[in-house]
Amino acid sequence: MLLTLADCGELELIARLRPYCHRELIGDDAAVLTPPAGEQLVVSTDVLVEGVHFSLGMADVPLTMTPVDVGWRSLAANLSDLAAMGALPLGLTVGLAAPRECPVATIEGIYQGMAACGQAYGASIIGGDTCRSRVLSLSITVLGSAPAERIIYRDRARVGDAIVVTGVHGASRAGLECLLHPRWASTLPEELRQAWIQAHQRPRPRLDIVQWLRQQVCPPRIAGMDSSDGLAAAVLQICQASGVGAVLWGEQIPMVGYGDRSQALSWALYGGEDFELVLCLAPEWAENLCRAAGDQAAIVGEITPDTMVQLQLNGEVLPLQADQLFQHF
C-alpha cells in the first residue's frame, strides 16, 4: 500500500522534504536574505491547483504529468516571471496544501522536480508551509534581484521598437494536445512529439537572456513580459501599459512546424504556457539580441503609434482576437 499523508503526519512529511531545501536557510521561522549590493528585490507568487494548472489524475482531468514534472514546471513558471522582470533568483518559498489521502511519494516527487529545476537555475527552496486541503495545490513565491536600471517593465515600449520573442511559441500547447490525444500524437514523428511534450512538461525559463542583458555595459530600454498566457496576451498587455499599438508579422513568428499552419499560428498566439519572453526594444538592440541568441530569438513585429494590436498575415492585416485570450474568471 502507498504511504499517504494521513499515515505520515506533518512532522515526518517535513523531515522527508528537508533534503530538497537549502540546508543553511531552512528550519527557522523565516529565512534571512540579503540582495546583492546595489540591487532591488523582485518578488513573484503563483498559485497552482490540481485540475487547473496540472493533472496527476487526482482530479477529474486526464493524467498529463508525473509529480516530478509538476514540480519542475511549477518552479519554471515562477522563474519565468523573474526573467520577465530582468531579475535573477535568490530563493523561493513553497506553500503546500494536499488531501490526507495524497501519497507521500507524490509530494516527494513534486519537491524533487522543484529542486532539480532550482539547481539548474540557481534557486533553492528556503522556506514554506504545509496544510490539509481537499485539493492538491502549490503556492510558490520566488525572490530575485536586479539593478534598478536593468529591471524590465511593461510600460516602456516606444513607437518604432522591434518586438522580439524567444523560443518557439505554441510548442507547449502542442505538447498538451499530444498528451490528451495519444492516437493523434502517434501519427507524429517521434522526435517532434517528444520535443513538444518536453516543452509542456519541462519548460525552460529564459534566464539566459537576462544573463546576456546583464553583460551589456549600457543597458537598453526594454518593455517586456513572459508569454505564459500566450503571445497575443503578452503583446496586448504591453501595448495597453505603454499606450501604443503593434503589428505582428505572422510569417516571422517561430511556431511548431508540422501539420496545419493555421492551427500552429493559433497555438502560438493563444495557446499559452510557453514561458518565453516577449521584449520590445530599439531595432539595433533587437538585432544584437537575436544575433547573440541564435535561433532562440526572432523579431516578429514592431510597435506602432495607434492603439490597435494587429496581425499581418498573407498580405492582410487582422485584429488580434481578444476574446480568445486566456482568463481564469
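**Entry 1: helix H8 and its cover**

I count two residues as being in contact when heavy atoms of theirs come within 4.5 Å, and I note at the start that the model I am reading is predicted. I looked up helix H8, which spans residues 207-214, and found that Leu207, Ile209, Val210, Trp212 and Leu213 are buried there. I then asked what covers the buried residues of H8. Among the helices that do so I listed H3, H4 and H11 (283-293), and among the strands I listed E2 (88-98), E5 (162-166) and E8 (277-281).

**Entry 2: the nonpolar cores**

I next turned to the largest nonpolar core, which has 57 residues, and asked which of them touch the most other members. They are Leu79 and Ile107. H3 supplies the largest share of this core, with 8 residues. For Leu79 I wrote down the contacts beyond its neighbours within four places in sequence, and these are Pro89, Cys117, Tyr121, Ala123, Val142, Pro205 and Leu207. I also found a second core, separate from the largest one, with 40 residues that include Ala157, Leu188, Ala268 and Val309.

**Entry 3: H2 against H4**

Ile107 came up again when I looked at how helix H2 meets helix H4, since Ile107 is one of the H4 residues that make this contact. I reminded myself that a pair of packed helices is described by the angle and the distance between the two axes. Here H2 covers residues 10-17 and H4 covers residues 104-121, and their axes come within 10 Å and cross at roughly 35°. The crossing of these helices, H2 and H4, is right-handed. On the H2 side the contact is made by Leu13, Arg16 and Leu17, and on the H4 side by Val104, Ile107, Glu108 and Tyr111. Sorted by class, the contact has 5 nonpolar and 2 charged residues, with no polar ones.

**Entry 4: Arg73 and Glu273**

I went back to helix H3, residues 67-84, in order to look up Arg73, which lies in it. Is Arg73 buried or exposed? Its relative accessibility is 5%, and because buried means under 20%, Arg73 counts as buried. The side chain of Arg73 reaches the backbone oxygen of His53 at 3.2 Å, and it is also joined to the side chain of Glu273 by a polar contact of 2.5 Å. Leaving aside neighbours within four places in sequence, the contacts of Arg73 include Met65, His200, Gln201, Pro203 and Phe275.

I followed the pair to Glu273, whose place is in the loop between helix H10 (261-270) and E8. Glu273 counts as partly exposed, because its relative accessibility of 24% falls between 20% and 50%. I marked its phi, which is positive at about 60° although Glu273 is not a glycine. Most residues other than glycine have a negative phi.

**Entry 5: Asn314 and Asp161**

I found another positive phi at Asn314, near 55° and again in a residue other than glycine. Asn314 lies in the loop between strand E10 (309-313) and strand E11 (316-319), and with 62% relative accessibility, which is over 50%, Asn314 counts as exposed.

Last, I looked up Asp161, in the loop between strand E4 (137-147) and E5. Asp161 counts as buried because its relative accessibility is 2%. A polar atom of the Asp161 side chain lies 2.9 Å from the backbone nitrogen of Arg158. Beyond its neighbours within four places in sequence, Asp161 is in contact with residues including Arg156, Arg221, Cys280, Gly301 and Glu302.

Key
Residues are numbered from 1 along each chain as its sequence is written. This is a predicted model: local features need pLDDT of at least 70, side-chain atom pairs count only at pLDDT 80 or more; totals for chains, interfaces and linings use all residues. Side-chain values use heavy atoms; hydrogens and water are left out. Helices (H or I, at least four residues) and strands (E, at least two) are DSSP runs, numbered from the N terminus. Buried means under 20% relative accessible area, exposed over 50%, partly exposed in between (1.4 Å probe, protein chains only). A polar contact is a pair of N or O atoms within 3.5 Å; within protein, one must be able to donate a hydrogen and the other to accept it, and residues adjacent in sequence count only if both atoms are side-chain atoms. A nonpolar core is a set of buried Ala, Val, Leu, Ile, Met, Phe, Trp, Tyr and Cys residues joined through side-chain atoms within 4.5 Å. Axes are lines fitted to C-alpha atoms, for helices over the stretch in contact, and angles run from 0 to 180 degrees between N-to-C directions. A crossing is left-handed if the near helix is turned anticlockwise from the far one by less than a right angle, and right-handed if clockwise. Ala, Val, Leu, Ile, Met, Phe, Trp, Tyr, Cys and Pro count as nonpolar, Asp, Glu, Lys and Arg as charged, and the others, Gly among them, as polar.
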